[in-house]
Amino acid sequence: MIGEFEIALPHGVTLACRGNQAPPAFAAPAARVLLVHGFPEAAFVWDEVLEALAPEVAGIAPQMRGYAGSSAPAEPAAYRAKHLVADLAALIERCGAPLDLLVAHDWGGAVAWALAAQRPHLLRQLLIVNSPHPATFLRELKASEAQQRASAYMTFLCRPDAEALLAEDDFRRLWRLFGARAEPRWLSAAMKDRYRAVWRGGLNGPLNYYRASPLRPAQGPDDRLHELVLDDAAVTVRVPTHVLWGEQDHALLPGLLEGLERWVPALTVERVPEASHWIVHEQPARVAATIRRLLARPATGPA
């Protein structure tokens with residue numbers, strides 16, 4: 001049974017959450033896991049995983065800043081990495097740090113990479129699901145024409161009229177993100193209704209993640225991406241990390257995994273050839289099994 005509740009953070013942000021344990025804190029002695037969604041999703045995408053983990057594993061899935069039900073500042077500056085990391089850090093502290101495992105997909109993963117690098121004391125292990133490390137993403141956006149083409153959609157999402165365009169014709173453009181040629185089997189009528197409910201709550205906040213980020217394809221020779229340099233010390237993640245990667249991801253290409261161990265020394269990569277970017281929907285049992293397997297291992301050395 002998945003419960004719904006709100007968690008108010010000390011810096012004035014409130015996050016709507018879903019979980020298989022009652023708030024405000026995880027119940028002992030269950031292992032404690034936080035699951036963070038990406039775009040254009042919401043906390044409900046983790047429901048099957050949460051149900052599969054209960055009762056031995058206590059899990060909470062927050063609705064990220066900007067998404068329906070959570071605090072949603074209007075200005076893009078409120079979605080810079082430091083603010084998103086502050087939300088996640090405060091949520092972990094509110095629920096009891098250190099967390100046994102942080103699980104994150106897509107934009108949730110982008111925030112999780114930063115949090116693990118900057119505040120490693122808040123978590124024991126990290127599970128990343130199809131979300132590029134900032135250093136490899138920057139490298140590929142600069143050097144890989146294939147990744148530049150695959151990420152071109154980000155430019156559209158930064159347009160000032162993107163919210164209105166995405167809402168047209170029953171969110172036609174958003175449905176295409178899940179499958180350009182045909183809708184995937186997991187996208188049932190009931191699942192579509194869940195997505196509509198979130199999207200009708202507003203898309204400006206979710207789009208502000210893209211507007212606030214410097215990591216998107218360059219728009220010309222003067223684009224700030226060309227001069228952007230990430231300090232290795234600031235993006236190195238020493239928390240034991242497991243990357244679960246659906247290789248049929250058409251937006252995030254396999255080159256993003258190359259050389260990742262430079263910035264993530266305690267790294268294991270698990271590739272899933274038949275899965276896409278939407279592996280959480282496609283294979284929730286596998287995601288849950290991976291979580292259980294990681295929690296069964298000592299949180300020292302490679303995950």
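Hi everyone. Let's start inside the protein: the largest cavity holds about 50 Å³ of space. What you have on screen is a predicted model, so please keep that in mind as we walk through it.

Which residues line that largest cavity? They are Leu 15, Pro 62, Met 64, Arg 65, Leu 84, Asp 87, Leu 88, Leu 91 and Tyr 209. Helix H2, residues 81–95, gives the largest share of this lining, with four residues. Sorted by class, the lining has seven nonpolar residues and two charged ones, with no polar residue. If you look for cavities of 30 Å³ or more, the structure holds one.

Now to an open space. The second largest pocket has a volume of about 210 Å³. Three elements each give two or more residues to its lining: strand S1 (3–8), strand S2 (14–19) and helix H8 (189–199). There are 14 lining residues, and nearest the centre of the pocket you will find Glu 4, Ala 16, Arg 18, Gln 63 and Ala 68. The lining of this pocket is made up of nine nonpolar, four charged and one polar residue.

Let's turn to the aromatic rings. How many aromatic pairs does the structure hold? The count is 15. A pair like this is described by how far apart the ring centres are and by the angle of the planes.

Take Phe 44 and Tyr 195 as one of these pairs. Their rings meet edge-to-face, 5.0 Å centre to centre and with 75° between the planes. Phe 44 sits in the loop between strand S3 (31–36) and helix H1 (47–53), while Tyr 195 belongs to helix H8, so this pair ties together parts that are 151 residues apart in sequence. Are these two residues buried or exposed? Phe 44 counts as buried at 7% relative accessibility, and Tyr 195 is buried too, with a relative accessible area of 0%.

A second pair to look at is Tyr 153 with Tyr 210. Here the arrangement is edge-to-face, at 6.4 Å centre to centre and 75° between the planes. This pair links distant parts of the chain as well, with Tyr 153 in helix H6 (residues 153–157) and Tyr 210 in helix H9 (residues 204–212), 57 residues apart. Tyr 153 is partly exposed, with a relative accessible area of 30%, whereas Tyr 210 counts as buried at 4%.

Back to Phe 44 for a moment, as it belongs to a group. One aromatic cluster is formed by Phe 44, Phe 171, Trp 175, Phe 178, Trp 186, Tyr 195, Trp 199 and Trp 278. A charge also joins the scene at one of these rings: Lys 192 lies over the face of Trp 175, at 4.8 Å from the ring centre.

Phe 171 in that cluster deserves a second look, this time for its backbone. Most residues other than glycine have a negative phi, and most peptide bonds are trans. Phe 171 is not a glycine, yet its phi is positive, at about 60°. This residue is found in helix H7, residues 162–178, and counts as buried at 6% relative accessibility.

Asp 106 is another non-glycine residue with a positive phi, of about 55°. Where is Asp 106? Its place is the loop between S5 and helix H3 (107–118), and at 10% relative accessibility Asp 106 counts as buried.

On the subject of peptide bonds, the bond from Ala 54 to Pro 55 is cis, with omega near 0°. Pro 55 lies in the loop between H1 and S4. Ala 97 and Pro 98 are also joined by a cis peptide bond, with omega about 0°, and Pro 98 is in the loop between H2 and S5.

To finish, here are two polar contacts. His 105 lies in strand S5, residues 101–105, and counts as buried at 1% relative accessibility. Which side chain does the side chain of His 105 contact? Its partner is the side chain of Glu 41, at 3.1 Å. The other contact starts from Ser 276, in the loop between strand S8 (267–272) and helix H11 (279–282). Ser 276 counts as buried at 13% relative accessibility, and its side chain makes a polar contact with the side chain of Glu 282 at 2.5 Å.

Thanks for listening!

Terms used. Residues numbered from 1 in each chain as written. Predicted model: local features only at pLDDT ≥ 70, side-chain atom pairs only at ≥ 80, totals over all residues. Heavy atoms only, no water. 1 Å grid on protein atoms, 1.4 Å probe; cavity = no way out; pocket = protein on both sides within 12 Å on 5 of 7 lines; lining within 4 Å. Points joined across faces, edges and corners; volume = space filled by probe spheres on them. Nonpolar A, V, L, I, M, F, W, Y, C, P; charged D, E, K, R; others polar. Phe/Tyr/Trp six-rings, centres within 6.5 Å; stacked < 30°, edge-to-face > 60°. Buried < 20%, exposed > 50% of the residue type's maximum accessible area, 1.4 Å probe, protein only. Lys NZ or Arg CZ within 6 Å of the ring centre and 35° of its normal. Polar contact = N/O pair within 3.5 Å; in protein donor to acceptor, adjacent residues only side chain to side chain.
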